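Please examine the sequence and the model displayed below before reading on. The paragraphs after it lead from the overall fold to the interior, and then to the confidence of the prediction.

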Amino acid sequence: MSQSDYARIERALYFLAENYRDQPSLAQIAEHVHLSEFHFQRMFTQWVGISPKRFLQFLTIDHAKECLRDSESVLSASLSSGLSTSSRLHDLFIRYECVSPGEYKLRGAGLTIGYTYLDSIFGECLLMSNSRGVCGLAFTDGDRNHAFAEMSSRWPKATFVQEETNARNYAKVLSQIGTSRSTQSEIKLALYGTPFQLKVWEALLQLPMAARVNYSQVGELLGNPGAARAVGSAVGKNPLAWLIPCHSVIRSDGVLGGYHWGQGRKLALLGWESSVADNALSPIAAATN
């Protein structure tokens, strides 16, 4: 790659930044930098790391998010972003944000979410709930502020209330979880996500204790074995650590793979589930004061 190549890519980036609302085609962008479509596509991907089309999509969705934050309607945001219909914006949001434009616009408005901190043998947990049930569970790893900021960012317009007085009630409910996934039916879960995410999370809830499945196998449970990448994205967005057993999902080669709350904890969760007896206690021990 040469300096002249960079100059062309720089011109292309400026062109896209200034004209993304016109949704220029690959041919139009390539013509602007005096290259064939084939050579421009390959050069752009080498320099930027993604294709021109995907870069254009990111510019489009960023503009749409700004419009929605400014209280514009979904249709208005779509047209302002250069998209002919709101369905095209919907598809972009589902693909890259895992929520619909309408859900992004609401961002938890009207929700009151209570939260508290609980001790467990796997580390301190942050638990969030609303009138529908438990909507968030995360390990704090000694940094309550970070855990709270990360979880609350899912609902930035919601009202959050710390409920220390109800902490022991939450702990009592969670302690009812025994050695089978079926006992989790006693805990109401308030799940918010795309239809596909909900399907993935519901499939994981059906897994037996200590099960290990790969992404393709989860896809098979949904009748779509080719959706491994989409399954992986949904697993990564799981808002309920341990309650929804995303730790049970491993790579197809048998390697454990990553885990949002640390690979060591993933090993601990699987190990505990493998060794627990029928009358074992739940790992959620008690609430902090």
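The account begins with the chain as a whole and then turns to its cores, one helix and the regions of low confidence.

The structure is a predicted model. Its protein chain contains 13 helices and 7 strands. Of the 289 residues in the chain, 43% are buried. The accessible surface amounts to about 14700 Å², with 51% of that area belonging to carbon and sulfur atoms. Contacts reach far along the sequence: of those between residues at least 6 apart, 60% join residues at least 24 apart.

In soluble globular proteins, nonpolar side chains tend to be buried together. In this chain the largest nonpolar core has 43 residues, and Met-128, Val-200 and Leu-204 have the most contacts inside it. Both strands and helices contribute: strands E1 (112–120), E2 (125–130) and E3 (133–139), together with helices H8 (144–152), H10 (195–205), H12 (228–236) and H13 (263–275), each supply at least two residues of this core. The largest share, 5 residues, comes from E3.

The surroundings of Met-128 can be followed residue by residue. Leaving aside residues up to four places away in sequence, Met-128 touches Ile-113, Gly-114 and Tyr-115, as well as Val-134, Cys-135 and Gly-136. Its other partners are Phe-148, Met-151, Ser-152, Trp-155 and Phe-160. A second core, separate from the largest one, has 13 residues, among them Ile-9, Phe-15, Leu-16 and Ala-30.

Helix H8 deserves a closer look. Which of its residues are buried? Ala-147, Met-151 and Ser-152 are buried in H8. These residues lie on the same side of the helix because they cover an arc of only 115° around its axis. An α-helix has 3.6 residues a turn, so residues three or four places apart point the same way. The cover over the buried residues of H8 includes E2, E3 and strand E4 (159–162).

Confidence varies along the chain. The mean pLDDT is 77, and 77% of the residues reach 70 or more. Among the elements, H8 has the highest mean pLDDT, 93, whereas strand E7 (residues 284–287) has the lowest, 41. Residues 177–183 have pLDDT below 50, and this stretch makes 27 contacts in the model beyond near neighbours in sequence. Over residues 277–289 the pLDDT also stays under 50, and the model has 41 contacts for them beyond four places in sequence.

Conventions
Residues are numbered from 1 along each chain as its sequence is written. This is a predicted model: local features need pLDDT of at least 70, side-chain atom pairs count only at pLDDT 80 or more; totals for chains, interfaces and linings use all residues. Side-chain values use heavy atoms; hydrogens and water are left out. Helices (H or I, at least four residues) and strands (E, at least two) are DSSP runs, numbered from the N terminus. Buried means under 20% relative accessible area, exposed over 50%, partly exposed in between (1.4 Å probe, protein chains only). Contact means heavy atoms within 4.5 Å. Accessible areas come from the Shrake-Rupley method with a 1.4 Å probe; for residues, only the protein chains shown count as cover. A nonpolar core is a set of buried Ala, Val, Leu, Ile, Met, Phe, Trp, Tyr and Cys residues joined through side-chain atoms within 4.5 Å. The arc is that of the directions from the helix axis to the C-beta atoms. pLDDT is the predictor's confidence in each residue, from 0 to 100.
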